[in-house]
Amino acid sequence: MDSLKASLTTQIKPTMKTISEQLQHKINLKTKPLGALGQLESIALQIGEIQGTLSPQLNKPTIVVFAGDHGIAKEGVSAYPQEVTFQMVMNFLNGGAAINVFARQNNIALKIVDAGVNFNFPPHDDLIEQKAGPGTASFLYGPAMTSEQLDFCFQKGAEVVRKCQKEGSNIIGFGEMGIGNTSAAAMIMSEVCQLPLEECVGRGTGVDEAQYAQKLSVLGKSQEFHGSIAKAKSILQTYGGFEIAQMTAGMLEAYELGMSIMVDGFIASAAFLLAQKMAPGIRQHAFFCHNSAEKGHEQLLAYLQVKAILNLGMRLGEGSGCAVAYPIIKSAVQFLNEMASFEDAGVSNKA
């Protein structure tokens, strides 16, 4: 088996290198100075590498918004009450949220998933119901979820992405909604990146000074209670939300299916941290859509050694950063496919 694997690796590597070199050559010969399109050039190169072609296509872009409630929200870590989660899901379903506006604007398919909201939604054509429970437990006193709930989330998160791919999508964005989930994301970041909580915990939905102190105190006590955790799934079971678990599984499935992955802000990036811990190669398929204003996100991106596409001071979640960044990704593909080369245009190249 090892000799077969080595043989396959020997065969694959030159092919991928050739594609990368050919893509870079194609980019360099466009009618522009070398590097003049900046980050658009690296995005075009990455998309071409993911698809293994000099003429990549973006098919049926889709954003999936996973929603779930968090037991830790009851400990006073958020400026908003827990019921805002289900109220915002209703807003998504009614088409009135920012993600609805931006998805419509950019012709992006939008799917809303109830991963574990503490509310029983009436049937709705645009809602995918795969509730792991009515919200997680408070991780101040024990794990956020059971191993059975985590397994359920991994199964269902992957299923959603497989369905999107079967419907023709080859680029998928991940968004979320869940009061208390910046706390869960901060705990995940602290464990994976081995950073003090103070560097990971932000204001979330806009807590004041007293609430911020309470948030830090609760999260610090939680970390003391659980101690150091090494394995990705154990971190997720201890601190994650059902929406974060399903996002993590969805990202891993998208990677397995060869899709391009759009990562939204702080919470989605925390899910990606866990996905990368389980499958390091996933980073080559990921586009980090924006640098969130939430404290910790910039450092998280630095840990991953990636550069966000946008830096607009956004911190909304919902996949809104994916929807706003998508036209830039599309522009990168369009210039690669449609912009003339020096030879095509009869323009003299640099001497």
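Here are some questions and answers on why parts of this predicted model get the labels they do.

The model is predicted, so local features need pLDDT of at least 70 and side-chain atom pairs count only at pLDDT 80 or more, while totals for chains, interfaces and linings use all residues. Residues are numbered from 1 along each chain as its sequence is written, and side-chain values use heavy atoms, with hydrogens and water left out.

Q: Why are helices H2 and H12 called roughly perpendicular to each other?
A: Start with the angle: the axes of H2 (residues 39-51) and H12 (residues 320-338) cross at roughly 75° and come within 8 Å. Axes here are lines fitted to C-alpha atoms, for helices over the stretch in contact, and angles run from 0 to 180 degrees between N-to-C directions. Under 35 degrees counts as roughly parallel, over 145 as roughly antiparallel, 65 to 115 as roughly perpendicular and the rest as oblique. So H2 and H12 land in the roughly perpendicular class.

Q: Which residues make that contact between H2 and H12?
A: Contact means heavy atoms within 4.5 Å. From H2 come Leu40, Glu41, Ile43, Ala44 and Ile47, and from H12 come Ile328, Ile329, Ser331, Ala332, Val333, Phe335 and Leu336.

Q: How do the residues of this contact divide into nonpolar, polar and charged?
A: The split is ten nonpolar, one polar and one charged. Ala, Val, Leu, Ile, Met, Phe, Trp, Tyr, Cys and Pro count as nonpolar, Asp, Glu, Lys and Arg as charged, and the others, Gly among them, as polar.

Q: Why is Ser190 called buried?
A: Buried means under 20% relative accessible area, exposed means over 50%, and partly exposed is in between (1.4 Å probe, protein chains only). Ser190 has a relative accessible area of 4%, so it counts as buried. Ser190 sits in helix H6 (residues 181-193). Leaving aside residues up to four places away in sequence, Ser190 touches Leu195, Pro196, Leu197, Cys200 and Gln223.

Q: What makes Pro143 partly exposed?
A: Pro143 has 46% relative accessibility, so it counts as partly exposed. You'll find Pro143 in the loop between E3 and helix H5 (147-166). Not counting residues up to four places away in sequence, Pro143 touches Ala137, His226, Gln237 and Thr238.

Q: Why is strand E2 described as largely enclosed by the rest of the structure?
A: Six of the eight residues of E2 are buried, so that description fits. Helices (H or I, at least four residues) and strands (E, at least two) are DSSP runs, numbered from the N terminus.

Q: What makes E1 and E2 a pair?
A: Two strands pair if DSSP finds at least two bridges between them. E1 and E2 have seven bridges, in the parallel sense, and Ile63 has Leu110 in E2 as its bridge partner. E2 is also joined to E3 by three bridges, again running parallel, with Val113 partnered by Ile128 in E3.

Q: How do you know that both faces of strand E5 are covered?
A: Look at the two sides of E5 (residues 260-263): Ser260 and Met262 are buried on one, and Ile261 and Val263 are buried on the other. In a regular strand, side chains alternate between the two faces of the sheet.

Q: Which strands does E5 pair with?
A: E5 runs parallel to E4 with four bridges, and parallel to E6 (residues 286-288) with three. Val263 stands opposite Phe174 and also opposite Phe288 in E6.
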